[in-house]
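Please read this note with the sequence and the model side by side. The points are numbered, and each can be checked in the viewer before moving on to the next.

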Amino acid sequence: MPKVNQKDIIQVKITGIQKYGAFASLSDDDYKGLIHISEISYGYVKDVHDFVSVGDNIYAEVIQVDDHDKKIKLSIKDIDYKKSGVKLKRMSETKSGFQPLEDHLEGWINQKIKDITNEF
């Protein structure tokens, strides 16, 4: 098996699931890995089973390698983990951030209050 390096995108098989993440192994069973729940999605993950199942063959990005113990930490949140392993582009935050919401919020609230009071 070629050496596994940080940032490599590799194919792994899900071998177990716990509430804190999913266990995976490389096809040759040389390295064992963990996809921690925080590395599954940028959003809230209520149940790891919503993303992967035992026996799934998926792609994962290597975020840390321990060659001595043959353990790897993996992530699937930035890649198309089910189909191709291709890196996904994340939408960058706009420079204005939440400012447009703040600018319009008072007007939206006032309009909604008018709408509600006009119904009665």
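**Notes on the barrel, its core and its salt bridges**

1. In the pairing of β3 with β5, L34 stands opposite K73 in β5. The two strands run parallel to each other and are joined by four bridges; strands are said to pair if DSSP finds at least two bridges between them. The names follow the DSSP runs, numbered from the N terminus, with helices being H or I runs of at least four residues and strands being E runs of at least two.

2. A word on the source: this is a predicted model, in which local features need pLDDT of at least 70 and side-chain atom pairs count only at pLDDT 80 or more, while totals for chains, interfaces and linings use all residues. Residues are numbered from 1 along each chain as its sequence is written, and side-chain values use heavy atoms, with hydrogens and water left out.

3. How far does the predictor trust its own model? The average pLDDT of the protein (the predictor's confidence in each residue, from 0 to 100) is 88, and 92% of the residues score at least 70. Among the elements, β3 has the highest mean pLDDT, at 95, and α1 the lowest, at 88. As a general caution, where pLDDT is low the predicted coordinates should not be read in detail.

4. The overall arrangement is a barrel closed by five strands in the order β1-β2-β3-β5-β4, with mixed pairing. From one strand to the next the twist averages 50°, where axes are lines fitted to C-alpha atoms (for helices over the stretch in contact) and angles run from 0 to 180 degrees between N-to-C directions. Strands of a sheet pair through backbone hydrogen bonds, either parallel or antiparallel.

5. Two antiparallel pairings can be followed residue by residue. Strand β1 (residues 9-18) is joined to strand β4 (residues 57-66) by five bridges, and the two run antiparallel; here K13 stands opposite N57 in β4. β2 and β3 also pair in the antiparallel sense, over five bridges, and there A24 is found opposite G33 in β3.

6. Which residues of β3 point to the buried face? G33 and I35 point to one face and are buried, whereas K32, L34 and H36 point to the other and are not. Buried means under 20% relative accessible area, exposed means over 50%, and partly exposed lies in between (1.4 Å probe, protein chains only). In a regular strand the side chains alternate between the two faces of the sheet.

7. The largest nonpolar core (a set of buried Ala, Val, Leu, Ile, Met, Phe, Trp, Tyr and Cys residues joined through side-chain atoms within 4.5 Å) has 22 residues, and those with the most contacts inside it include V12, I14, V52 and I58. The elements that give two or more residues to this core are β1, β2, β4 and β5, and β1 gives the most, with four residues. Setting aside neighbours within four places in sequence, V52 is in contact (heavy atoms within 4.5 Å) with I14, I17, A22, I58, I76 and Y81.

8. V48, in the loop between β3 and β4, deserves a look as well. V48 is buried, with a relative accessible area of 1%, and, not counting residues up to four places away in sequence, V48 touches residues including I17, G21, A22, I37 and I40.

9. How many salt bridges does a search of the whole structure find? There are two, a salt bridge being a side-chain nitrogen of Lys or Arg within 4 Å of a carboxyl oxygen of Asp or Glu. In one of them the side chains of D30 and K70 meet at 4.0 Å, N to O. D30 lies in the loop between β2 (21-26) and β3 (32-36) and K70 in the loop between β4 and β5 (71-75), so the pair ties together parts that are 40 residues apart in sequence. D30 is partly exposed, at 32%, and K70 is also partly exposed, at 31%.

10. The side chains of E61 and K87 likewise meet in a salt bridge, at 3.0 Å, N to O. Because E61 belongs to strand β4 and K87 to the loop between β5 and α1 (99-119), this pair ties together parts that are 26 residues apart in sequence. E61 counts as buried at 9% relative accessibility, whereas K87 is partly exposed, with a relative accessible area of 45%.
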